[in-house]
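Hi,

Here is the structure I promised to pass on to you. Have a look at it first, and my notes follow below.

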Amino acid sequence: MAATNISFKRIQQLALPAIISGIAEPVLSSTDAAVVGNISQFGTESLAAVGIVGTFLSALIWILGQTRSAISAIVSQNLGAGNISTLQNFPAQAIYFNVALSIIVLGGTYFFVEEIFGLFNATGMILDFSIDYYNIRVWGFPLTLFTFAVFGLFRGLQNTFWPMIVAGIGATLNIALDFALVYGIEGVIPAMNIEGAAWASLISQIVMAVIALIFLLKKTEVSLRLKFPLHPEINRLVSMSLNLFVRSIALNGALILATREATGLGTNYIAAHTIAFNVWIFTAFFIDGYGAAGNILGGKLLGEKDYNTLWKLMRRVNLYNLGIAAVLIIIGAFLYQPVGALFNKDPEVLSIFYGMYFLVLLCLPFNALAFTLDSIFKGLGEMSYLRNVLLSATLFGFIPVLFFSKYMGWGLKGIWIALIIWVAYRAVALIIKFKRKYLPLVEK
């Protein structure tokens, strides 16, 4: 078997499509936020509602969507070890596992949305808008989890091109439908306001799932016919997924707590926080594209037991991502005013956003290191350590700083300082782990 290629060209071939496919979900939420935030009446309340629901849905998607990383790790490691032919029934079983989990969670949340969003401090009109938006968008949740499982299979097979095509079509369709359904088309489609944004996202998710299914059947030899007994790798998939579930609960607990505290500051503050969070999450997924390349190649290198190349890959991908973070900081510094105005025109909301925006940019280099190493560790199957790092970062980094800043009266800036500490903690912990465990395996 030929040695794994980690050249600049090969990394770009994996990373650039992964960037496009990775930003599909945040583009759905960001487009919804930008469009409804500019509704002539109740734009700020609508933006706040989309921010709250977007945070909650992102939490669910990230918690269960982690199976994508587990599927990718298992497939890539078997590919590197030359055992890909032994996977047989694993892909179909993994996909059904993912979809079944999403249906269980959907059923467990659908009838309690008022109580759930009440925990975010949502009241009155914001609560009503949140419920209206969620009750439509939530039906796309199983479709997104199916699509993520398919993406995990393609990634494990060292292919990010087809996921890019699926995500690109979905994001483009969502943008077009947002404008058509939220504002309406005179004489053709009535203005549906925030419900129109929810329908735009749902339709886009349906289309993405259908195209992903077609590509899976046409571009791979994977069969979706469910056969038993369970493949031995399913046990590892469940173990990895459980660790990632716990990890994601801690991760999203921090993000939800940040949103709750921002909501408690007032409508204008949660609206400003929503803008900042959408910028942050967009750049995070942008950075994560290079992390995906590290994930895909790292898993294969582990299967090959090529630790020298794994060390080179880790350094190379981190360097690329720090460069990307620097470029995003420069762009963000010049475009902060248009970015804010894109989401909302309220002077008070924009004043709050502009006053704390530098913290979003300050977080990007830490994002670059944390997310790159996070993805590489997922490819290496280090799910239990990733779980422990997230729990520690949340309990001993984020939460103490968040409540100290609240005590000091730092407002929205304090929330974002806590988020920076949270990400930096993760980056440092992962660097230490890699140097202690994998660096000694490198031949001197």
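Helix H8 is largely enclosed by the rest of the structure, because 15 of its 16 residues are buried. Please keep in mind that this is a predicted model. H8 covers residues 141-156, and its end C-alpha atoms are 23 Å apart, which agrees with the 22 Å that 16 residues should span at 1.5 Å a residue. Just after H8 comes Gln158, with a positive phi of about 70°.

Two other helices pass the length check as well. In H7, the end C-alpha atoms are 20 Å apart, in agreement with the expected 20 Å for 14 residues. In H5, the ends are 29 Å apart by C-alpha, and the expected span for its 20 residues is 28 Å, which agrees.

Next, a pair of helices that you may want to display together. How do H4 and H5 run relative to each other? The axes of H4 (residues 67-80) and H5 (residues 90-109) cross at roughly 170° and come within 11 Å. Angles over 145 degrees count as roughly antiparallel, and H4 and H5 are therefore roughly antiparallel to each other. On the H4 side the contact is made by Thr67, Ile71, Ile74 and Val75, and on the H5 side by Phe90, Ala94, Phe97 and Asn98. By class, this contact has six nonpolar residues, two polar ones and no charged ones.

Phe90 deserves a closer look. Besides its part in the contact between H4 and H5, Phe90 is among the buried residues of H5, together with others including Pro91, Ala92, Leu101 and Leu106. Leaving aside neighbours within four places in sequence, Phe90 is in contact with Ile71, Ile74 and Val75, and also with His231, Glu233, Ile234 and Leu237.

Phe90 also turns up in the largest nonpolar core, which has 144 residues. Which members of this core touch the most other members? They are Phe90, Phe117, Tyr134, Trp280, Phe398, Trp416 and Trp422. Helix H12 (residues 267-304) gives the core its largest share, 18 residues. As general background, nonpolar side chains tend to be buried together in soluble globular proteins.

Tyr134 from that list is also one of the buried residues of H7, as are Ile126, Leu127, Ser130 and Arg137, among others. Phe129 lies in H7 (residues 124-137) too. Phe129 counts as buried because its relative accessibility is 17%, and the cut-off for buried is under 20%. The C-alpha atoms of Phe129 and Phe403 are separated by 29 Å, with their positions 274 residues apart along the chain.

Two aromatic residues further along make contacts across the sequence. Phe371, in helix H14 (residues 347-379), counts as buried at 11% relative accessibility. Apart from neighbours within four places in sequence, Phe371 is in contact with Trp280, Ala284, Asp288 and Arg426. Its C-alpha is 9.5 Å from that of Gly289, although Phe371 and Gly289 are 82 residues apart in sequence. Tyr385 is found in helix H15 (residues 383-408). With the same kind of neighbours left out, Tyr385 is in contact with Phe377, Ala429, Leu430 and Lys433. The C-alpha atoms of Tyr385 and Leu244 are 9.8 Å apart, and the two residues are 141 apart along the chain.

Finally, some backbone details to check in your viewer. Most residues other than glycine have a negative phi, and most peptide bonds are trans. Here is what I found on that score:

- Phe228 and Pro229 are joined by a cis peptide bond, with omega about 10°. Pro229 sits in the loop between H10 (193-219) and H11 (233-265).
- Asn121 is not a glycine, yet has a positive phi of about 70°. Asn121 is in the loop between H6 (113-118) and H7, and counts as partly exposed at 29% relative accessibility.
- Lys305, also a residue other than glycine, has a positive phi near 60°. Lys305 is in the loop between H12 and H13 (307-343), and is exposed, with a relative accessible area of 60%.

Happy to talk any of this through.

Best wishes

Definitions and conventions. Residues numbered from 1 in each chain as written. Predicted model: local features only at pLDDT ≥ 70, side-chain atom pairs only at ≥ 80, totals over all residues. Heavy atoms only, no water. Helix = DSSP H or I, 4+ residues; strand = E, 2+ residues; numbered from the N terminus. Buried < 20%, exposed > 50% of the residue type's maximum accessible area, 1.4 Å probe, protein only. Axes fitted to C-alpha atoms, helices over the stretch in contact; angles between N-to-C directions. Parallel < 35°, antiparallel > 145°, perpendicular 65-115°, else oblique. Contact = heavy atoms within 4.5 Å. Nonpolar A, V, L, I, M, F, W, Y, C, P; charged D, E, K, R; others polar. Core = buried A, V, L, I, M, F, W, Y, C linked by side-chain atoms within 4.5 Å. Expected span 1.5 Å × (residues − 1).
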